[in-house]
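Biologist: Please take one part of this model and look at it closely for me, along with whatever surrounds it. I would like the cut-offs spelled out as you go.

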Amino acid sequence: DIILMAAQLRMRSVWVIHESWPQDQLDHYAKEVFMCKDIDAAIIKKAFAAAGTIVFPSDMQRHLYDDMFRADAGHTIYNGIPLKQLNHFKQTQDRREVRAALGYSDDDFVVLHLGTVCSRKGQVFSATACAKLIQENGCKNLKQLIVGARYIRDHEIKYIDEIFQVAKKHQVSCRRWEELKEEERGQPQITIMDIQAAVLRFYMAADVVLVASLNEVLPLVICESMAFERPVVCSKIDAIPEAVTDGVEGFLVPPGDADAIRDAVLKLYNNPQLRVKMGSAGRQRVLKQFSYESMGERYRELLDTVPLPTAEATEATPSSSSFKGKTVLVDMDNSLVDWDGEFIRRFAAMAKRPEEEVERVVRNRQKFEIEENFDPSEHELVMEVITSPGFYESLEPYPGAVEALNRLLEEGADVKLVTAPHPACAGSCAREKFLSVEKHLGPGWLERLIITRDKTHVQGDILVDDKPQVTGGQPTLWTHVLFDQAYNRKVEGKTRMSSWSQWAQVLPAVLGANGANGLSKSPS
């Protein structure tokens, strides 16, 4: 919103992007992962198009959003780390004392894996590698320290249990740090410690740092490790190769490959000179690429050249949209999707009657409830069609409907799909409606789907619905716009829309009338 507002006001802006969201999953990350209910893919894409200057912390991340922004708008500036703080810690702390406080002796070879313990961070693979090094490669003095356990989410608790199972399988000891007595510290071959606020001591204590992640952008753990002159073994994913050159500051290994991790650590275990050489190279890379000073200089250069928004960017912002802040409710059956069309096909097949004959009855019917337009002897067959498996999932959107809904979102409307399940098959009907919405509109629309028998409980400004009269237990605060069908043409006094090609003319006019006359109430 801020980027779009800046473009609208012709103000310079710099947008710093921290997250990596695949373009086909923007809705999912915005709404499900980061709980930003008011932001969707349409708004994000509009902001990228309008932004004059966008900063990414890695080239990989910048390329993830290719084609969403102007080529000259994107810049890569690597995040810096607080070297002064790290240097002060290094200069004022004794490494032997730091290790001793953790229970490690001079002879221990400490392998650190720092980060939230979860499947994304890959601790199971690093634990497997370390267990094999101890049992199969004779690295009896190797001790792994895993820092970052938390016991909040079920999947994280389960993942911690998996690490204990790995240790058990390979017959190495594994304990929680918090359960150890002081004299037991440093004794387990694998120690799992809860999340810690102060982490510099772990870098100082370590001989090697592992980053075995399966999904990352560019974790600061790598840069901080190199600042402490520790060689790193990292997954070769995402932007990590932008910080580590294989064989120079450490080793890059395939993600999820415990044996590759083991081989890399073994090289470092057997070669102290290589550890020193890689540690020194890492320190030099941090000074050049990841210091606050280098980051600040890049930002200073950039801020001196931030352009004003282009005319195209200004035009792309929905500044004058009549839909901004409005809620548009849309019915599904015979409003968004062609319920009649699927019924005609299935009924004709089951009754063994020509589709043209069934279509004349259905498309020209005068009664809303479909069975009331057929002979009583056919009511049972009508209900059999309606309740047949896959009926609601098979309904096809009307021409232009999907495009219209997405345009409404782009114009700032909060669009909700409000639909009633058929009472004869409420459960399967509701389930298939979810499947239909996901199929035709995408998973981001699922949270916009409201299934209810009483639409008067849903608040909004407009309801687009084919039903002649929408009634319920509450006064209706929305304006009922009839989606034109033969059975609702006798209704007078309501705005109607005969196809989705008319939405841009019909709906703003209704909102304009509401603004002029106060909030209209649909007669019920």
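Modeller: Gladly; I will start with a word on confidence, then look at one helix and its surroundings, and finish with the sheets.

This is a predicted model, in which local features need pLDDT of at least 70 and side-chain atom pairs count only at pLDDT 80 or more, while totals for chains, interfaces and linings use all residues. Residues are numbered from 1 along each chain as its sequence is written, and side-chain values use heavy atoms, with hydrogens and water left out. The mean pLDDT (the predictor's confidence in each residue, from 0 to 100) is 91 for the protein, and 95% of its residues reach 70 or more. Over residues 316-320, however, pLDDT is below 50, and that stretch has 9 contacts in the model beyond near neighbours in sequence; contact here means heavy atoms within 4.5 Å. Residues 516-524 also stay under 50, with 20 contacts beyond four places in sequence.

The part I have picked is helix 10, residues 220-227. Helices (H or I, at least four residues) and strands (E, at least two) are DSSP runs, numbered from the N terminus. Of the 8 residues in helix 10, 7 are buried, so the rest of the structure largely encloses this helix. Buried means under 20% relative accessible area, exposed over 50%, and partly exposed in between, with a 1.4 Å probe and protein chains only. The buried residues of helix 10 are Val221, Ile222, Cys223, Glu224, Ser225, Met226 and Ala227. Their cover includes three strands, namely strand 4 (109-114), strand 8 (208-211) and strand 9 (232-235), as well as helix 5, helix 9 (200-205) and helix 12. After helix 10 comes Glu229, with a positive phi near 60°.

Two of those covering helices also meet each other. The axes of helix 5 (residues 83-92) and helix 12 come within 12 Å and cross at roughly 150°. Axes are lines fitted to C-alpha atoms, for helices over the stretch in contact, and angles run from 0 to 180 degrees between N-to-C directions. Helix 5 brings Leu83, Asn87 and Lys90 to this contact, and helix 12 brings Arg283, Val286 and Leu287. By class, these residues are 3 nonpolar, 1 polar and 2 charged. Ala, Val, Leu, Ile, Met, Phe, Trp, Tyr, Cys and Pro count as nonpolar, Asp, Glu, Lys and Arg as charged, and the others, Gly among them, as polar.

Helix 12 (residues 272-289) also packs against helix 11 (residues 258-270), with the axes 5 Å apart and at an angle of about 105°. Helix 11 and helix 12 are therefore roughly perpendicular, a term that covers 65 to 115 degrees, while under 35 is roughly parallel, over 145 roughly antiparallel and the rest oblique. Lys267, Leu268, Tyr269 and Asn270 of helix 11 touch Pro272, Leu274, Arg275 and Met278 of helix 12. This contact has 5 nonpolar, 1 polar and 2 charged residues.

Another enclosed element is strand 7 (residues 190-194): 5 of its 5 residues are buried, so it too is largely enclosed by the rest of the structure. Ile190, Ile192 and Asp194 point one way, and Thr191 and Met193 the other. In a regular strand the side chains alternate between the two faces of the sheet. Two strands pair if DSSP finds at least two bridges between them. Strand 7 pairs in the parallel sense with strand 5 (residues 142-149) over 5 bridges, and with strand 6 (residues 174-176) over 3 bridges, also parallel. Ile192 is the bridge partner of Ile146 and of Arg176.

Further along the chain, 6 strands form an open sheet with parallel pairing, in the order 13-12-11-14-15-16. Strand 13 (449-451) and strand 16 (496-497) are its edges, each pairing on one side only. Strand 14 (residues 462-465) is joined to strand 15 (residues 479-483) by 4 bridges in the parallel sense, with Leu482 as the partner of Asp465. Strand 14 also runs parallel to strand 11, over 3 bridges, and there Val330 stands opposite Val464. Ile462 and Val464 point one way from strand 14 and Leu463 and Asp465 the other, and all are buried. Helix 19 (residues 426-441) lies across strand 12 and strand 13, running at about 165° to strand 13.
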